[in-house]
Amino acid sequence: MKRYPAYDPPEYVDWKPEPDVMKGFAATLSREPRRAAVVADLSAEKLMGLYAGMLRFRLHDITLKRWVRQGVISKAWLGTGEEAVTVGNVHALRAADLVGPMIRNAGACHEMGMPLADMFRAYLGTADQITRGRDIHTGDPRRGVVPPISFVASLVPVMAGMALATRLRGEKRVALTWVGDGASRTGEFHEGFNFAAVRKLPLIVVLQDNGIALGTPSHTHTRADFTHLGAAYGAASLACDGNNVLDVLAATSQAVALCREGAGPVLLVAKTFRMGGHATHDEAEGRAIVPARMFRIWGRRDPIGMYETWLEQRQQPLLVGSENRQVLAEIEERVIREVEAGAQEALDSRRDSMPDGRSLQEGVFASGDDPTEPAFPPCPVSDTGAAAHR
Ligand SMILES: Cc1ncc(C[n+]2csc(CCOP(=O)(O)OP(=O)(O)O)c2C)c(N)n1
Ligand SMILES: [Mg+2]
């Protein structure tokens, strides 16, 4: 794949597959017979879809990073280096299943079928997308994507509720959401996951352990071994290599099977690494907090580079009569064009469809009928005086 020196983490700029890294990648895939069988059964189409999905996610992030540099937006939250988690999870689901991504799982939106243009529009705050310019946290319930809730882990009880609702309707759908290592230390995670466990709901919570929560390294916020955390709730626990998209997909397929047969919920731990800052504004701090050695180690394990190499080295052709390398290059060209077109569409909306300020009070609970009226009465006393009841 092409690399982008101005935007890629430095470890990725001259990325080359290293034999020991690729040996580890292959060893993971043969470790568990059931997962190996899932991987062996994947069609060429599915394998190519995973590659396109991870590229789409990386290029979505690179576009946002470029916009930050150009002053189009002020900051962006990226999933760089963590693409395999989200993409491997979503590709194990059926179209009718439900996801609740956090902002680091933006790739879940496009892999569930949301147009990239709408994802970019949310960042630009345009009126012609689902949040109508009010929030960068975007989704599309018609496509099974519940938009992120900014408060980390709040989606766990929400998605447990969605899983319960689908069961009450007699549907066989699975709900999947993500928590970071930090988010897994909150009350909402505990309450939501415990509820799901007690009700045996078809819910998968992916614990995306990238070793850090904002500027707090995980060893300073937990002593738990996440791998067995599900057992504390009487639920199934699975773990996978979060930088190996095939292992993530195979483990998620196992989790989905458990949920569909009524043995949910499942806590799926995916170990990965944040290849930058919490967002674009604190990359330097992100690198100052985490030892440089960790960036070197994880930098060798670029999830897209490793998967691309695995596909190139694979004996079976992806398309009869073509070299795998050539097929992948064509997929990349197609995804580049797709992302560029989506970004341009969103910029056109920014020119033509910014929200009218008066729309702020439409469609919210606390507004009056007249959008020019304030949503709540003005302050009855001078704003420097004491409140009326004191
Ligand atoms: C309940 C709550 N507390 C604090 C924050 C501020 N905040 C946003 S992201 C974040 C760190 C999350 O870390 P983690 O869950 O590990 O996810 P990661 O960012 O590493 O993907 C914090 C503390 C928040 N959004 N919600
Ligand atoms: Mg984290």
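This passage describes the ligand site, the metal site and two backbone features of the structure shown above. The model is a predicted one, and every value given here was computed from its atoms.

A good place to begin is ligand 1, which sits in the largest pocket. Around this ligand are 13 residues, of which Arg104, Gly182, Ala183, Asn210 and Ile212 come nearest. By residue type, the shell divides into 6 nonpolar, 5 polar and 2 charged members. Several polar contacts can be picked out here. An oxygen atom of ligand 1 lies 2.7 Å from a backbone N or O atom of Ala183. The side chain of Asp181 places an N or O atom 3.2 Å from an oxygen atom of the ligand. At Val152, a polar backbone atom is 3.1 Å from a nitrogen atom of ligand 1. Taken on its own, ligand 1 has 580 Å² of accessible area, and the protein covers 68% of this.

Asp181 leads on to the metal site. The magnesium ion (ligand 2) is coordinated by Asp181 through OD, by Asn210 through OD1 and by Ile212 through its O atom, at 2.0 to 2.2 Å. Along the sequence, these donor residues follow the spacing D-x28-N-x1-I. Asp181 belongs to the loop between strand E2 (175-180) and helix H9 (187-198), while Asn210 belongs to the loop between strand E3 (203-209) and strand E4 (212-213); the pair therefore ties together parts that are 29 residues apart in sequence. Two of the magnesium donors, Asn210 and Ile212, are also among the residues that come nearest to ligand 1. Asp181 likewise serves both ligands, as a donor to the magnesium ion and as a side-chain partner of an oxygen atom of ligand 1.

Two features of the backbone are worth a look as well. The peptide bond that runs from Gly264 to Pro265 is cis, and its omega is near -5 degrees. Pro265 is found in the loop that joins helix H10 (245-260) to strand E7 (266-271). The other feature concerns Arg132, which has a positive phi of about 55 degrees although it is not a glycine. Arg132 is placed in the loop between helix H7 (116-124) and helix H8 (155-168).

Notes: Residues numbered from 1 in each chain as written. Chains lettered and ligands numbered in written order. Predicted model: local features only at pLDDT ≥ 70, side-chain atom pairs only at ≥ 80, totals over all residues. Heavy atoms only, no water. Near = heavy atom within 4 Å. Polar contact = N/O pair within 3.5 Å; in protein donor to acceptor, adjacent residues only side chain to side chain. Areas by Shrake-Rupley, 256 points an atom, 1.4 Å probe, with all protein chains shown as cover. 1 Å grid on protein atoms, 1.4 Å probe; cavity = no way out; pocket = protein on both sides within 12 Å on 5 of 7 lines; lining within 4 Å. Sits in = over half its atoms within 2 Å of the grid points. Nonpolar A, V, L, I, M, F, W, Y, C, P; charged D, E, K, R; others polar. Donors = N, O, S within 2.8 Å, 3.2 Å for Na, K, Ca; no water. Helix = DSSP H or I, 4+ residues; strand = E, 2+ residues; numbered from the N terminus.
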